[in-house]
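Some notes on this entry, for your review. Please look through the structure before reading the points.

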Amino acid sequence: MSAPDNDTVTTAEATSDAVLTRAPDAGDGTDPALPDADEASTDAVVEPVDDEDDGDDGEGDDGDEDDEDDESADRLLVREGDVAGDYLERLLDILDVDGDIDLDVEGDRASVAVVGGQLKTLIGPEGATLEALQELTRLAVAQSTGVRSRLMLDIGGFRAKRRADLTTLATEAATRVAESRQPERLAAMNPFERKVVHDVIAAAAGVRSESEGEEPNRRVVVLPDQ
């Protein structure tokens, strides 16, 4: 579940480290040239989501049409993964870096992981190089398919570990806020990280979350339910 933004919230401040922590109380031959990266990542833009009407509209069964739409969407995601895999293989060859590429589909987006080998240089400080490579890969996919891509890229298990760390962080923050009924601001995060936290908070009882601030200092605020 995504959460709406709010301009101002009176909260406690958090600091950023290798793993985000609770806020202290306070009152990176013939092959085509690589494309340029987009200016900003859009993997987890937090916006309100309208409730969908799943009721019977009395106009008959559209199951066959829905199945066809699902199959078309699945084929597109598989194609995105194939294009991304080819692109990343060329990139690894150019950089003379060893690595295997795993392709998958997670929910409504393609997922690509580069595993094995010495991959730290492709991750960069706090995943900065990884973020840039994800944008390059998305752009390559969009140029091939004609559709804007939401593909997720992981390298060396960085995102998987980060997701686990953030899940723990968000769970603990939700517990504190539910008990204290006091809002808590977390450290600034990138869109991927904020999306992980929002999903955890959405599944927790007695709390909700919002995003505030501007990139690159945008952060999640955990609040008690009204």
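The points below go from the overall make-up to one sheet and then to one helix.

1. Status and make-up. This is a predicted model. The protein contains five helices and six strands. Along the sequence, these elements come in the pattern α-β-β-α-α-β-α-β-α-β-β.

2. Burial and surface. The protein has 226 residues, of which 38% count as buried. The exposed surface amounts to about 13200 Å², with carbon and sulfur atoms supplying 46% of it.

3. The sheet. An open sheet is formed by three strands in the order E1-E2-E3, with mixed pairing. The edges are taken by strand E1 (100–106) and strand E3 (152–155); each has a single partner strand, so one side of each is left without a neighbour in the sheet. From one strand to the next, the twist averages 20 degrees.

4. The E1–E2 pairing. How do E1 and E2 run relative to each other, parallel or antiparallel? They run antiparallel, and seven bridges join E1 to strand E2 (residues 109–115). Two of the partnerships can be checked directly in the viewer. Ile-101 has Val-114 in E2 as its bridge partner, and Asp-104 is bridged to Ser-111 of E2.

5. The turn. E1 and E2 make a hairpin, with two residues between the strands. Gly-107, in this turn, has a positive phi of about 65 degrees.

6. Helix H4, length. Does the span of helix H4 (residues 158–180) agree or disagree with the value expected from its residue count? At 1.5 Å a residue, its 23 residues should span 33 Å, and the end C-alpha atoms are 33 Å apart, so the two agree.

7. Helix H4, burial. The buried residues of H4 include three arginines by name, Arg-159, Arg-162 and Arg-176. The others on the list are Leu-166, Leu-169, Ala-170, Ala-173, Ala-174 and Val-177. Here, buried means under 20% relative accessible area.

8. Helix H4, surroundings. Which elements cover the buried residues of H4? Among the helices, the cover includes helix H3 (128–145) and helix H5 (191–202). Strands also contribute, including E3, strand E4 (184–188), strand E5 (207–212) and strand E6 (219–224). E3 thus appears twice in this note: as an edge strand of the sheet and as part of the cover over H4.

9. After helix H4. Arg-181 comes just after H4 and takes a positive phi of about 60 degrees.

Terms used. Residues numbered from 1 in each chain as written. Predicted model: local features only at pLDDT ≥ 70, side-chain atom pairs only at ≥ 80, totals over all residues. Heavy atoms only, no water. Pairing = 2+ DSSP bridges. Helix = DSSP H or I, 4+ residues; strand = E, 2+ residues; numbered from the N terminus. Axes fitted to C-alpha atoms, helices over the stretch in contact; angles between N-to-C directions. Expected span 1.5 Å × (residues − 1). Buried < 20%, exposed > 50% of the residue type's maximum accessible area, 1.4 Å probe, protein only. Contact = heavy atoms within 4.5 Å. Areas by Shrake-Rupley, 256 points an atom, 1.4 Å probe, with all protein chains shown as cover.
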